[in-house]
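Reader: I should be grateful for a close look at one buried histidine and its polar partner, followed by a connected account of the aromatic pairs, the enclosed spaces and the unusual backbone geometry.

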Amino acid sequence: MSPSKLCCVHIFIDLSKAFDTVDHSILKEYCCLCGVFGLGHEGHDHGHHAGLLLDRCQGIEMDAVAVTEEGIPYFFKGGHVFKGFHGKAELSNESFAELDDHHHLGHVDAAFLMHFPDKPTEHDHIFFMLDTKVFSYYKHQLETGFPKDISEVFPGIPDHLDAAVVCPAPDCEEDAVIFFKGDEIYHYNVKTKKVEEKKFEGMPNCTSAFRFMEHYYCFHGHQFSKFDPKTGEVHGRYPKEARDYFMKCSKFGDTTDHIERERCSRVHLDAITSDDAGNIYAFRGHHFLEQDAGNDTWAADTIESDFKELHSEVDATFSYENHLYMVKDDKVYIYKVGEPHTHLDGSPKPLKEVLGVEGPIDAAFVCQDHHIAHVIKGQTVYDVDLKASPPVPVKEGSFTLFNKVDAAMCGPEGVKLFKGNHYFHFQSVKVMLMAKAIPEEHKTALELFGCDH
């Protein structure tokens, strides 16, 4: 290790010992100058310090974004990857080892999932562009013969790209991949291999781009703009803060529109319920949304503001007899519905005492005019009679449509199960348990919260 790198390591250790907290953003910038963390194109000594210092909630400019065949967004920065909308950075070479073996991975220029179901030889292949090379992975395995020159696989496309995104027809005139390099835009026709250069006048230069829930997003810095893939036109109030919609962060700047952020976030819900009056409460991370019965508008606030004993991160919630039951780990917090909500004496209570099951659980709901709590844990659904003491959970059944759900609620229209960015509607609990096929998926942000994207 060079003297400069050794110096940085000693500074990191000394600062960590001397202070309870260290301004990691400043320390990271200083140490990157030494090359010790391998976050740029120079130097490739990744170590494990970088994973500790990379914090997506600090406003990182991502190098590339790609959605996997399972639908999980991967955000790449330097030699690291963030999987999904929350969680810590991991070394990219732990998931895609050959990138490092062939290229001493210090960065990914661009990445995309080739998603064309009618082209089985190309469908669900993930492509990575690094300098002059392209890597093709299928089911996380590098395909034979790769890496290859970008010009060999995508003739007419330049090296050292900034971003790339797949664009199936009819979003584009024909199945295509859009490549970005500075203000140069290339539409690559997957079938004919012809390249058409475009001018996207109204859009910033993209540092990464991806297609998600049938929309196209250009990331620039830690902001993003939604764009038309044919014309590059940006409609609506953009740019917006990426951390508000694509990351699970507890703190936001003064410019954040909290209501729009929570309505339109792509991060999954932690819990949702409606009370006896028909008011809906939806929880995500440190915040919650509330819609009063008979009102189409939503309000947003921190969980701390209305449910201070909970602080954040609710596992499940259900409403029963004008009370909200909030499950967190192995405890149940009970609030009487009102302005403000009143935390009951003796609460929190052990989950085992209230529902008769061991935590953690994934979701729970009570249908109107009933006293049975339906508790979902993995692929098992338990019935718990809330009037019985002590509670005796009865295994109602199993459903194999999903290996896990994020949240659930029951109302006059039936049961809604929430998973990822979508919810699935069943007419009743019985129909849900008997279902042999996954029903039509509904977009949570658009169809429940009324977001326009």
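Author: In this predicted model, His-374 has a relative accessibility of 8%, and because the limit for a buried residue is under 20%, His-374 counts as buried. The residue belongs to strand E28, which covers residues 372–377. Its side chain is joined to that of Asp-383 by a polar contact of 2.9 Å.

Phe-307 is likewise a buried residue, with a relative accessible area of 0%. Phe-307 is placed in the loop that runs between helix H8 (303–306) and strand E22 (316–320). Along the sequence, Phe-307 and Tyr-335 are 28 residues apart, while in space their C-alpha atoms are 8.3 Å apart.

The aromatic residues may be taken next. The structure holds 39 aromatic pairs. One of them joins Phe-128 and Tyr-137 in an edge-to-face arrangement, with 5.7 Å from centre to centre and 85° between the planes. Phe-128 and Tyr-137 are both buried. A further pair consists of Phe-224 and Tyr-238, whose ring centres are 5.9 Å apart; their planes stand at 65°, and since an angle over 60 degrees is the criterion, the pair is edge-to-face. This pair links distant parts of the chain: Phe-224 is in strand E16 (residues 223–226), Tyr-238 is in the loop between E16 and strand E17 (240–241), and the two are 14 residues apart. Phe-224 has a relative accessible area of 0% and is buried. Tyr-238, at 16% relative accessibility, also counts as buried, because the value is under 20%.

Phe-224 and Tyr-238 are both members of one aromatic cluster, which also contains Phe-75, Phe-85, Phe-210, Phe-212, Tyr-217, Phe-219 and Phe-246. Tyr-238 has a charged neighbour as well: Lys-240 lies over the face of its ring, at 4.6 Å from the ring centre. Elsewhere, the charged end of Lys-148 sits over the ring of Phe-146, 4.6 Å from the centre of that ring.

Phe-212, a member of the aromatic cluster, leads on to the open and enclosed spaces. Rolling a probe the size of a water molecule over the atoms shows where empty space is left. The largest pocket has a volume of about 1,300 Å³. It is lined by 43 residues, of which Glu-70, Gly-71, Ile-72, Phe-212 and Asn-421 are the closest to its centre. Two or more lining residues come from each of strands E1 (64–67), E5 (110–114), E10 (163–167), E14 (208–212), E33 (422–426) and E34 (441–443). E14 gives the largest share of this lining, with four residues. By class, the lining of the largest pocket contains 19 nonpolar, nine polar and 15 charged residues.

As for enclosed spaces, three cavities of 30 Å³ or more are found in a search of the whole structure. The largest cavity has a volume of about 90 Å³. Among its 14 lining residues, the closest to the centre are Ser-265, Val-267, Gly-420, Asn-421 and Thr-444. Its lining divides into six nonpolar, five polar and three charged residues. Asn-421 is thus named for both spaces, being among the residues closest to the centre of the largest pocket and among those closest to the centre of the largest cavity.

The second largest cavity has a volume of about 40 Å³. Its lining is formed by Thr-273, Ser-274, Phe-318, Ser-319, Phe-365, Val-366, Met-409 and Cys-410. At least two of these lining residues are supplied by each of strand E18 (271–274), E22, strand E27 (363–366) and strand E31 (407–411). Five of the lining residues are nonpolar and three are polar, with no charged residues.

The backbone remains to be described. Most residues other than glycine have a negative phi, and most peptide bonds are trans. The peptide bond from Ala-169 to Pro-170 is cis, with omega near 5°, and Pro-170 is in the loop between E10 and strand E11 (176–181). The bond from Ser-347 to Pro-348 is also cis, with omega near 10°; Pro-348 is in the loop between strand E25 (342–343) and strand E26 (349–350). Asp-131 has a positive phi, near 55°, and is placed in the loop between strand E6 (125–130) and strand E7 (133–138). Lys-139 has a positive phi near 55° and is in the loop between E7 and strand E8 (141–142). With a relative accessible area of 57%, Lys-139 is exposed, because the value is over 50%.

Notes. Residues are numbered from 1 along each chain as its sequence is written. This is a predicted model: local features need pLDDT of at least 70, side-chain atom pairs count only at pLDDT 80 or more; totals for chains, interfaces and linings use all residues. Side-chain values use heavy atoms; hydrogens and water are left out. Rings of Phe, Tyr and Trp (its six-membered ring) pair if their centres lie within 6.5 Å; planes under 30 degrees apart count as stacked, over 60 as edge-to-face and the rest as tilted. Buried means under 20% relative accessible area, exposed over 50%, partly exposed in between (1.4 Å probe, protein chains only). A charge sits over a ring if NZ of Lys or CZ of Arg is within 6 Å of the ring centre and within 35 degrees of the ring normal. On a 1 Å grid over the protein atoms alone, a cavity is a set of points where a 1.4 Å probe fits but cannot get out, and a pocket is an open set with protein on both sides within 12 Å along at least five of seven lines; lining residues have an atom within 4 Å of a point. Grid points are joined across faces, edges and corners, and a volume is the space filled by probe spheres set on the points. Ala, Val, Leu, Ile, Met, Phe, Trp, Tyr, Cys and Pro count as nonpolar, Asp, Glu, Lys and Arg as charged, and the others, Gly among them, as polar. A polar contact is a pair of N or O atoms within 3.5 Å; within protein, one must be able to donate a hydrogen and the other to accept it, and residues adjacent in sequence count only if both atoms are side-chain atoms.
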